[in-house]
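These are some notes for a colleague who is opening this structure for the first time. Please keep the view at hand while reading, since each point takes up one part of the arrangement.

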Amino acid sequence: MADTLPTLLLAEHDDASLNPVTARALTAALALGAPVHVLVAGENAQAAAQAAARLDGVAEVLLADGPAYAHRLAEPVAALGVALAPAYGALVAPSTAFGKSVMPRIAALIDVMQVSDVIAVIAPDTFDRPIYAGNALQRVRATDATKVLTIRTASFAAAGEGNAAPIRAVADAAPAGGASFLGEEIAASARPDLSAARIIVSGGRALGSAENFHAIVEPLADALGAAVGASRAAVDAGYAPNDWQVGQTGKVVAPDLYVALGISGAIQHLAGMKDSKVIVAINKDEDAPIFQVADYGLVGDLFEIVPALQAEIAKAKA
Amino acid sequence: MKILVPVKRVVDYNVKIRVKADGSGVELANIKMSMNPFDEIAVEEALRLKEAGKASEVIAVSIGPVKTDETIRTALAMGADRGIWVKTEEAGIEPLTVAKLLKAIIAAEGPSLVILGKQAIDDDCNQTGQMLAALLGWPQATFASKIVVGEGTVDVTREIDGGLQTLRLALPAVLTTDLRLNEPRYASLPNIMKAKKKPIEEKSAAELGVDVAPRLEILSTSEPSGRTGGIKLASAAELVAHLKTAGVL
């Protein structure tokens, strides 16, 4: 019976630590109703596997550790997923750059149509997902025996910790070549990860320059202990790096507090943040669409309001 | 080397879509349609590679019902050499099926590079390129922000979570484009006229040996629960007070 088979969750991690989106995707995986195994693929990824084993609800952690999985290139990780697939009823991953790259490869090789960006599990074969940048929601029933899902993690709460699931090593799948790693530029940041942050401060085109973005958005973020985001316009203009982009094609976030500075609120941006619990917008244009989704709006010059806001926050925290 | 660029006809980027009242889908009648923006970036990149002497021919492919040829014609007006149209009864062919159709076309055409948009802005699936690469057994690089073609290889810088990653792929390979790979050109009037004479070959899914029956059953389409605008405040102090009350500070 296909529906009694366990679920395999592909962990998002960097070998040394488990990305918090994994715990959120786990909540979605557990909602399928079958036992959940977590696959940690990497090189020297023991620490990430141990972190996965602590997540509540995990029945077993599968650790594929070796040079073949260094940097988690899509080809070898997909080959591993395909090798493991027959034992599973569902294969699940968070909708991260890694999950998005690997899961469709697995799905195609086992002839399954993937359900991307699941925001709700209605039944083990029925899911809600956003289309048209979140301007419509589709409820789909997956008719393939095996389900392949990517999870929009902002829509699920993180599973707790306190478990001690067993860790089992799995052997390498046949090497899948063709791609090799040349290099990586990952910005080291003391700030929380954008996709898991409790507070996000985002800047838009109105910042006017990279210098202003640095001088206005980032100090406010640091005063709040927040992650920094940006609109597409700000990224395209070079004010902020690409991986800060929030929106339909960037990161989709749902923090407790989202502060939009000088962001007009294009539908593609709203698609990435409108599920935030509390939205604050600061913009000089009182007709900006961002105010239609904001709980609290301040109309005015952000170059005056933000420093004042920072002073008030400092006072409030004192 | 040949470059194949699959392009999709979608509701224009600037159109605010409406969900049909009976929940059967999204209103598509009399709506402006355009080439998926990520696919425009893919066409542009292929044309730049041809202009740089790295490619000999750029072939645009699209899959869909009547009027899909308009989207292929757009690619031809940008500068693609010829088109292939897999004509189907319905729009909205699933990515897995699209990947199978493309695989069959690739078997006949033998391109060294396939460049696709990373996702279509209608179904937002982000699957087709990866599925195609898997079915072909080719390496892939998704979310490309820089492409450098070498001898038998291509170096691709990818936008990943947290930064950039650079991969070297052996050709043939599949690439998908991200927003900042390039700025697509507008077709000039003379090129739009010239494009009318460029060939578009029609094919059917049946002759390519692919079953187009969907695997996902769409049960309903609905409006997301809307957010209503809140209140406008007069000062930063007022804002901080509200945020404290809301318990988010």
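1. In this predicted model, the centres of domain 1 of chain A and domain 2 of chain A, taken over C-alpha atoms, are separated by 30 Å. Domain 1 covers residues 2-169 of chain A, and domain 2 covers residues 194-317.

2. The two domains of chain A do touch, and the contact draws 9 residues from domain 1 of chain A and 10 residues from domain 2 of chain A. On the side belonging to domain 1 of chain A, the residues facing domain 2 of chain A divide by class into 4 nonpolar, 4 polar and 1 charged.

3. Between the chains, 69 residues of chain A are in contact with 67 residues of chain B. Sorted by class, the side of chain A that touches chain B is made up of 37 nonpolar, 16 polar and 16 charged residues.

4. The two chains are also joined through their strands, where β16 of chain A (residues 296-299) and β13 of chain B (residues 231-233) run parallel and are linked by 3 bridges. Within this pairing, A:Tyr296 has B:Ile231 of β13(B) as its bridge partner.

5. For chain B, an unreviewed UniProt entry places the feature "domain: Electron transfer flavoprotein alpha/beta-subunit N-terminal" at residues 23-212. In the model, that stretch of chain B, residues 23-212, is 30% helix and 31% strand, while the C-alpha atoms at its ends lie 23 Å apart.

Definitions and conventions
Residues are numbered from 1 along each chain as its sequence is written. Chains are lettered from A and ligands numbered from 1 in the order in which they are written. This is a predicted model: local features need pLDDT of at least 70, side-chain atom pairs count only at pLDDT 80 or more; totals for chains, interfaces and linings use all residues. Domain bounds come from an automatic or database domain assignment. Two residues are in contact if their C-beta atoms, placed from the backbone, lie within 7 Å. Ala, Val, Leu, Ile, Met, Phe, Trp, Tyr, Cys and Pro count as nonpolar, Asp, Glu, Lys and Arg as charged, and the others, Gly among them, as polar. UniProt positions are given in the numbering used here, feature names are shortened, and annotations may be inferred rather than shown by experiment. Helices (H or I, at least four residues) and strands (E, at least two) are DSSP runs, numbered from the N terminus. Two strands pair if DSSP finds at least two bridges between them.
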